[in-house]
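This report is for a reader meeting the structure below. Its sections go from the whole chain to single residues.

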Amino acid sequence: MIGRICGTGSYVPDHFLDNNDLSQMVETSDEWIRERTGVVRRHIVQEDTVVSMAVKASRRALEGSGIAPEDLDLIIVSTFTSEVLLPSTACEVQKELGAGNATCFDLNAACTGFLFAWNTAQAYLAQGMYRNALIIGAERLSRYVDWKDRSTCILFGDGAGAAVLKAEKGSTLPMFTHSDGAKGEALTCFTRPDTYIQMEGQAVFRFAVKKVPEAVEELLKKADMTMEDIDYLVLHQANRRIVEAVAKRLKTDISRFPMNLQEYGNTSSASIPILLDEMNREGKLKRGQKIILAGFGAGLSWGASLVEW
Ligand code: UT7
């Protein structure tokens, strides 16, 4: 069995801060941020919570999916920015959706989290343990950003993305994740004394531009495919220069690497499902197309999954 996407949804708060707004808060400029990152705006929670964003994205994903909330038997939420530690975000989403038959849990693999959720759901569906899964990446990074630190506050935004997966007959497509805890210090968010994201930007940059192409090549090898067989590469949206460097290393035209980081910044585990949903709603995705999802982030962690639309 294989989990096929039958619905996608996303949600970002209306309120946003653009680069000029940030240049009033820290010593930076629109020019620096655009050149070094590609980010122009990031949407920031005012009234919403991680749960409310996850629920709004999920409702949109369920609409037209042919799956009713009570048909869901698995809900996985990837997040590390929930306002409450217990109950889990997934259980709160279950309650709001009325998905009483689902088993629910959260996972934290930072910016690679949606891939971990995808792979976990696929493993359950492949085993025949569940039939209909809802997987969500939902993050409120603005809560954990030090708004006085110009090296990080310019990067991040809030939002949620979701996908509904239905088990169908078929063989699982290649997917994997990797972790390197020994390098975890490069990207941290301690709970005390200050709960702020701290990052060695250049170290994470170098890690991403090395590991993502390696992951894509590993995936292609496992799938017995070449880049010519792939329609799109949906990468975690952290920095335009990372996406461009990955495209260059893979000798693949940048047009196959859709981006929306200019509008949302880095929304961690929400970035891949938000982008996937936008592509879906714009009619870019056609049945049978092959898409590689690839993510990287804190842990350190990274991975890639092959999706057939
Ligand atoms: O989700 C995964 C997690 N994160 C990432 O993927 C992020 C990966 N890293 C990056 O995207 C980049 O490393 C950054 C965008 C964070 C930084 O860009 P960079 O080109 O690596 O800049 P840098 O850290 O080497 O800093 C260059 C200069 C420094 O000044 P000096 O020492 O050369 O005088 C910084 O202090 O730019 C300065 N700088 C800034 N200047 C204006 C750092 N942040 C800013 C800023 N505005 N916002």
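## Charges and surface

In this predicted model, the protein carries 34 positive and 40 negative charges, and the mean positions of the two sets lie 4 Å apart. The accessible surface amounts to about 13,400 Å². Carbon and sulfur atoms hold 47% of that surface.

## Overall build

The protein contains ten helices and 13 strands. Its radius of gyration is 18 Å, close to the 19 Å given by the globule rule for 309 residues, so the protein is as compact as a globular protein of that length. Measured out along the principal axes, the C-alpha atoms fill a box of roughly 55 × 45 × 40 Å.

Of the 309 residues, 57% are buried. Among contacts with a separation of 6 or more, 76% are between residues 24 or more positions apart.

## Helix 5 and the residues beside it

Helix 5 covers residues 113-127, which makes 15 residues. From its first C-alpha to its last it reaches 21 Å, close to the 21 Å expected at 1.5 Å a residue. Its buried residues are G113, F114, L115, F116, A117, W118, N119, A121, Q122 and L125. Just after the helix comes G128, with a positive phi of about 80 degrees.

On the other side of helix 5, the loop that links strand 5 (103-107) to this helix holds A110. A110 is not a glycine, yet its phi is positive, at about 50 degrees. The relative accessible area of A110 is 8%, under the 20% cut-off, and A110 therefore counts as buried.

## Helix 4 and the loop before it

The loop between strand 4 (74-78) and helix 4 contains P87. The peptide bond leading from L86 to P87 is cis, and its omega is near -5 degrees.

Q94 belongs to helix 4, which spans residues 89-97. With a relative accessible area of 18%, Q94 falls under the 20% limit and so is buried. Apart from residues up to four places away in sequence, Q94 touches I75, A99, G100, A102 and C104.

## D231 and its contacts

D231 sits in the loop that runs between helix 7 (201-223) and strand 11 (232-235). Is D231 buried or partly exposed? Its relative accessibility is 30%, and because partly exposed covers values between 20% and 50%, D231 falls in that class.

Neighbours within four places in sequence aside, D231 is in contact with R256, Q289 and K290. Y264 is 33 residues from D231 in sequence, and their C-alpha atoms are 23 Å apart in space.

## Two more loops

S268 is found in the loop between helix 9 (261-264) and helix 10 (271-281). S268 is a residue other than glycine with a positive phi, near 55 degrees. The relative accessibility of S268 is 0%, so S268 counts as buried.

The loop between strand 12 (290-297) and strand 13 (301-308) holds L300. A cis peptide bond joins G299 to L300, with omega about -5 degrees.

Technical notes:
Residues numbered from 1 in each chain as written. Predicted model: local features only at pLDDT ≥ 70, side-chain atom pairs only at ≥ 80, totals over all residues. Heavy atoms only, no water. Helix = DSSP H or I, 4+ residues; strand = E, 2+ residues; numbered from the N terminus. Rg over C-alpha atoms; globule rule 2.2 N^0.38 Å. Buried < 20%, exposed > 50% of the residue type's maximum accessible area, 1.4 Å probe, protein only. Contact = heavy atoms within 4.5 Å. Areas by Shrake-Rupley, 256 points an atom, 1.4 Å probe, with all protein chains shown as cover. Lys, Arg positive; Asp, Glu negative; His and termini not counted. Charge placed at Lys NZ, Arg CZ, Asp CG, Glu CD. Expected span 1.5 Å × (residues − 1).
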